[in-house]
Each structure stands twice: as C-alpha cells, then as structure tokens.
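Please follow this walk through the model with the sequence and the coordinates side by side. The path starts in a loop and then moves on to helices and strands.

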Amino acid sequence: MSFDLYEKAKKMGSKSYKASVSKGRYPYLPVLDDIIEKDNIVNDVSLGLVDIPLDRVVGTSTAGRTQAFAANFMPLMEMNTEFASKWSSLADAHLSEGIRDAIKVYEYLNYYYVVEGNKRVSVLKYFRADSIPAFVTRKIPKLTDDPEIKIYYEFMDFNRKTGVNFIWFTHEGSYKRLIDAVSSAPKHGGTLGDEPVISDVSAGGDSLDGTGAAKRQDYSIIWSDDTLLELKAAYRRFEKSFKKKGGENLVNITTGDAFLAFIELESFDVVCDMGIDEMQSSISSMWQEFQVINEQYTVNVSLDPPEEKKNVISQLLTPKPTSSKPLKVAFIFDRDPVQSDWLYGHELGRNHIKEVFGDKITTLKITTAATEEDAINAIEELIENEKVEVIFTTTTRLVDASLKCAIKYPDVKILNCSLNTSHRYIRTYDARLYEAKFLSGMVAGSLTETNRICYLADYPIFGVTANINAFALGAKMVNPYAKVVLKWSTLKENSDTDEIYRSLYKENIDFVSDQDLITPNKASRRFGLYRINDSEITNMTIATYNWGIMYEKLINMILTGGWDSDSLEKESKPINYWWGFTAGVVDIILSERVPVGTRRLVDIMRGLIIDDRLHTFDGEIYSQSGELVGKNGLDIEDIIKMDWLAENVEGSIPEIQELAENAQEIVEMKGVKKGTEE
C-alpha cells in the first residue's frame, strides 16, 4: 500500500491545520449544515451525474467526518488507523486504474460539500486532479439583494445554457460578458441556435427561481461540444499559467475574473490558439491589470487640466524635445477625416499643435485603421519603426486596440478618445460638450414658436445622454413648455436620413440640434442648432469641440513632467480627462440672428459655468417616468453613466438590437444600455 503517499498527504494536512490555527481560522473541513439555514433554501434540485471541478469541492455535508481532514482536504488521522489504510488503498487504485466511482455532493453557491466520498476527494486533490464525477443535488437559496446570491442566480442561468460549472466570477454581469465573448468568436465560438431545448425537470433539471417548475432548458444548448472543449482547454491552460505567476495570492479576484479580462483583451479565438509559453508571457504583460481588476470600475475623472507642475526628476530622466530630436506624436483615425465631422475636428486639432509646438514635435497620422487588427498593426508600426512616443486614437471603436498595444508597449503614452474606460494602461480624454449643449438648449427654448425642438443623436453611448439631457434642461429653464423630440440617426429603420428630416415638418418642429460640425466631403447647412421654416435652414448656434486646446494641454503635461505627477496623484488608477468650458476645450458660437437679449443671457450663463457658480445638472431633476433622479443635482459619475432621459424629452434610448450593425460595435463597448438579455 502507498503509506508513503499517505504520510506526505498527512504532512500537508498538518501544515494546513497549523496555518489555520495560527490565523484564527477553523482548521477542519467546512460543514454545510453549519453554513445554511433550511428556511433560506427554496428548493433541492437533482442535477444528476456531473463532472465537477475539484477546486470547488470545499467541505462536507455533515460534521461526522470533518475532523478527519484539514481545511485543504488532506488527512489528519494517524498512520495506524483504518482510515489511513483505506486512503492508501484508494491511492493505489488511482495509480493503477484511476478512481471512477462517482461521489455524492450538495452544491450551494457553486461550492460542493461531500455527502459520500470524502476520501476519494482527498486522494484526487493530493494528485492535483482537475475534476471528479459526482451525483449533484443543488440547494437553491432565496433570491435576495446580496451580491453573492445575485451572482449565483446568474451562474445558474449560465450553467443551464452552457453546462459549464468550473468558472466563478465576483461581479454581476460577468457571465453574460463571457457568453458574448465566446459566442462572437468566429473560429472557436458561435452558438447552436436561438431556440432552447426543453425537457422535464424529472430528468434532472432545475428552474431559475427554484420553484421546481415543470420544465427547464437542457445543458449545452447554446454552445457546441467543440466550443465547450475549446473553452475548457483554454481555461485550464490559463489557470495553470495564472497560478504559476501567483494568481492565487491576489485578493478578491477569481481565476474566472482574470480569464474573462484576458479573453476580452486578447479575444477568445486568440486565447484558444495560445500555447502555455505564449499565455504565460501575455499574462505577465497584463499582470498589473489583474492586480487592480476589482478597482477597474472606478475611473479618476480629471475635470480641469492640472496645475502646471514641473517634475524635475521626470525631466532629468526624459530628454527635452528639440528640433533635432522632436517628440513624435501620432494620430490614429478609422477613416479619412474628410468623411466625418468628428474626425475632421481631431484633424484640426492635430494641425493646431503643429503650429503651437513647431519643430519641437513631429506629428504622423494613420487614416486606414478601419478594424481592430488594422489599428493594432498601425500602432505597432508607428512604435517599432517610427519610434513614436505618444499616440492618440480618436474614436471609441479603437479602444480595445489601444489597450492591447498599451499593455505590450508600456513606455509609450497611448490615449483613446472615449469616456469611462477603466484600464490603467491607457488614459482617455473627451470634452464636456454638455455644457455648451445646455446653452444651445436655452437658445432653442427661448426662440421656439411651436415648443417642439428636435435633438438628432447618433450613438447611445457614455456622454451622449448627458448632452441630450443638458440640452433639454437648458430649453426647460427658459421655457417650461418646450419639448425635445429625440431621434437617432443610427437606428436600422433610419437608414435614409432624408426621411428623418422630412418627418420634422410633419411633427411641427421648428428647431433642430444636429451634428456639431460640417462633414467636409458632405457640405450641408444641417449642423449645430438651426431653425427650419418652409424647407429653409437658418443656423443659430454651434457647440464646438476645441480639440487643438485639448491636445496642446495634454502634450504640455508630457513635456513638463506633469504626466508622471498626475499618475502619482491619482495612485496609478485609470484617468479620464473630461474637460469643458474652463479648459477652453468646448465653446459655443452664436449667430448674429440670435436676438441680442438671448446672446447676453447665454454670455452670462457661460461666465457662471466658467466661474463654477452654475452647474448644468444642479437642483431637482426628474426623468421621463417622473422619478426624482437628482434631489440636489448629480455628481460626475452619475452624469457619465446617465441612462435615462429628462422629463421634457420625447423618445427613448434604443436597445442595441435596434441599431444598425456598424453602430452596434460601438454601443457594445461604450453603450449606456447593453441590450436585453434573452
């Protein structure tokens, strides 16, 4: 018999026991009977014979055998006991033919507690097996507001749809993100179909609410067997690499949390094709991301440019740019700027910094980054061959490519133009246009004769809802009867924008807030705020982005060492530069057709905003549903993540499924609404 193996296992158990005692923890196996109260369990459901992950087997169902094992399931009984003899026999059997007999367990909150088979679990844990066959009975708790319970209900739904039980997360919504990441992978992912297979509960199923309803969805309903095998293999390789790096020592992060972050960064297809060595290298590259994964939902928002602080140490370490060795700055566009009012504004910004800094900087631009792969190739080319030191990626759809390259090239400063991106490897920047939209709304509200004003928006993403609501609040401030009719140019049904414009006349609308700048190759009067009357357009105001000022101030931060000072002050957390009137990054231009009194009012209000005496979202604010969403105004996080519309807005925020395909990609990354789960 393998008594020598038992002796080694017992030493492991003794070590675990002593460590638990020294830290004041219970040194034996947890007992399910001591953990749960029967009144909190709404149903016991048989899942039948299931292969369960051994690392989720953590205890025993009753106190009978608990003191025979340490908390790590290693034995504690003496060598001369019958227990030791049986354990050793099992070890011999495993080495010769493998342990095949299934154990019996209860599953509670995705942990397993052994009813029969404690020694089999102990032996397999000693040999570091991945899983064990088990007859599983699930104990379903009452649904409460407890985050762990809510995550568990998400897990049960995920488990029903996929049959996967070896991944556990610590954040709500993570299982849907994993389904999306795997299902959208063209090579290794995909779904089988839309219709679930329904079977009787008596066959071994359960219902999400734990009521024992008559039917359930069969396992493996959305993914093929090949997809499941690819997922499990990729996860096991990642788990091995992650633990080797020290992932088990990270606080409040599961291997599942890290794996999800990894495949969202690399893509499921890429991860499936990775070998162990490549995976270990990639994990090392993004190690800091794992270390702060539980903080990545908190972004430090910089509302004004930091005071200029010359970081002497940074300047000594970083040579000052000269005409012979200028700072190399690159701009990445997903298409030619002449095709987009948004990109054209950034191109004007690039030209601005060329004039301001002269021969101290050199700027390059790429206008062909239409896909993530194109963008990554372009960034790598700029860094490796052109030795670029600062890169601005100018659209939200380039954020993933920016992040991947920022992890690969940590010494290069990569910034993406977006809002609420929560990765410390890249910084993001945007303009608080809602301040100018508020004033534009005041003009529209004061001049409208029909009390019906249209706001034409494009993507329902972070920041856009703030612009819409600020415009509506501005109109309401001067005209309590003004209604803002919200229309979206990116809806599937709005492929013909001319039809939108024709509808304005039918709906008795006399003012329209449209795109914020002229698109160079599509010259039109339909920009800014304009009046429509008998098919004639009269431009009244333009809310403008001054991207040149933004870029000037960001580059100046880098040249003076302020970039590194900002990192220290923000404790190396994600930083989002979101500057407005006070920084000169946004402004409003008024036409001479705006009455003198209205222009004076706008000037006064603009001054109050700059002096920090007026805030757009101050006071009581009500949503369309009549809900008081801001009793004493809104803080900056509420403004960024705004997913509601003001009470004087007619219309709604579209679901992702309602949008045109090219818009869905952007909204999936930065949308205020992620769509309705099936």
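In this predicted model, Asn252 lies in the loop that connects α7 with α8. Asn252 has a relative accessible area of 60%, and because the cut-off for an exposed residue is over 50%, Asn252 counts as exposed. Although 82 residues separate Asn252 from Thr170 along the sequence, the C-alpha atoms of these two residues are 7.8 Å apart in space.

On one side of this loop is helix α7, which covers residues 225–245 and contains Ser241. Is Ser241 buried or exposed? With a relative accessible area of 2%, and with buried meaning under 20%, Ser241 is buried. Once residues up to four places away in sequence are set aside, the residues that Ser241 touches are Ile276, Met279, Gln280 and Ile283.

On the other side of the loop is helix α8, residues 255–266, which packs with helix α6, residues 174–183, at an angle of about 35°, the two axes being 10 Å apart. The crossing in which α6 passes α8 is left-handed. From α6 the contact draws on Ser174, Arg177, Leu178 and Ala181, while α8 contributes Leu260, Ile263 and Glu264. Sorted by class, the residues of this contact are four nonpolar, one polar and two charged.

A second helix pair is formed by α13, residues 341–357, and α19, residues 547–560, whose axes are 7 Å apart and which pack at an angle of about 50°. Angles from 65 to 115 degrees would count as roughly perpendicular and those under 35 degrees as roughly parallel, and α13 and α19 are therefore oblique to each other. Here α13 passes α19 in a right-handed crossing. The α13 side of the contact consists of Trp342, Gly345, His346, Gly349, Arg350, His352, Ile353, Val356 and Phe357, and it is met from α19 by Trp547, Gly548, Ile549, Tyr551, Glu552, Ile555, Asn556 and Leu559. Among the residues of this contact, nine are nonpolar, six are polar and two are charged.

The remaining part of the walk concerns a sheet. Seven strands make up this open sheet, in which the pairing is mixed and the order is β20-β18-β17-β16-β14-β15-β23. Its edge strands, each pairing on one side only, are β20 at residues 586–590 and β23 at residues 649–650.

How do the neighbouring strands in the first part of that order meet one another? Starting from β16, residues 511–513, an antiparallel pairing with β17, residues 529–533, is made through three bridges, and within it Ser513 stands opposite Leu529. Strand β17 also pairs with β18 in the antiparallel sense, over five bridges, and Arg531 has Thr538 of β18 as its bridge partner. The hairpin of β17 and β18 has two residues between the strands, and in it Asp534 adopts a positive phi near 55°. Strand β18, which spans residues 536–545, pairs in turn with β20, again in the antiparallel sense and over five bridges. In that pairing the bridge partner of Thr544 is Asp587 in β20, and with β20 the path has come to an edge strand of the sheet.

Note on methods
Residues numbered from 1 in each chain as written. Predicted model: local features only at pLDDT ≥ 70, side-chain atom pairs only at ≥ 80, totals over all residues. Heavy atoms only, no water. Pairing = 2+ DSSP bridges. Helix = DSSP H or I, 4+ residues; strand = E, 2+ residues; numbered from the N terminus. Axes fitted to C-alpha atoms, helices over the stretch in contact; angles between N-to-C directions. Parallel < 35°, antiparallel > 145°, perpendicular 65-115°, else oblique. Left-handed = near helix turned anticlockwise from the far one by under 90°. Contact = heavy atoms within 4.5 Å. Nonpolar A, V, L, I, M, F, W, Y, C, P; charged D, E, K, R; others polar. Buried < 20%, exposed > 50% of the residue type's maximum accessible area, 1.4 Å probe, protein only.
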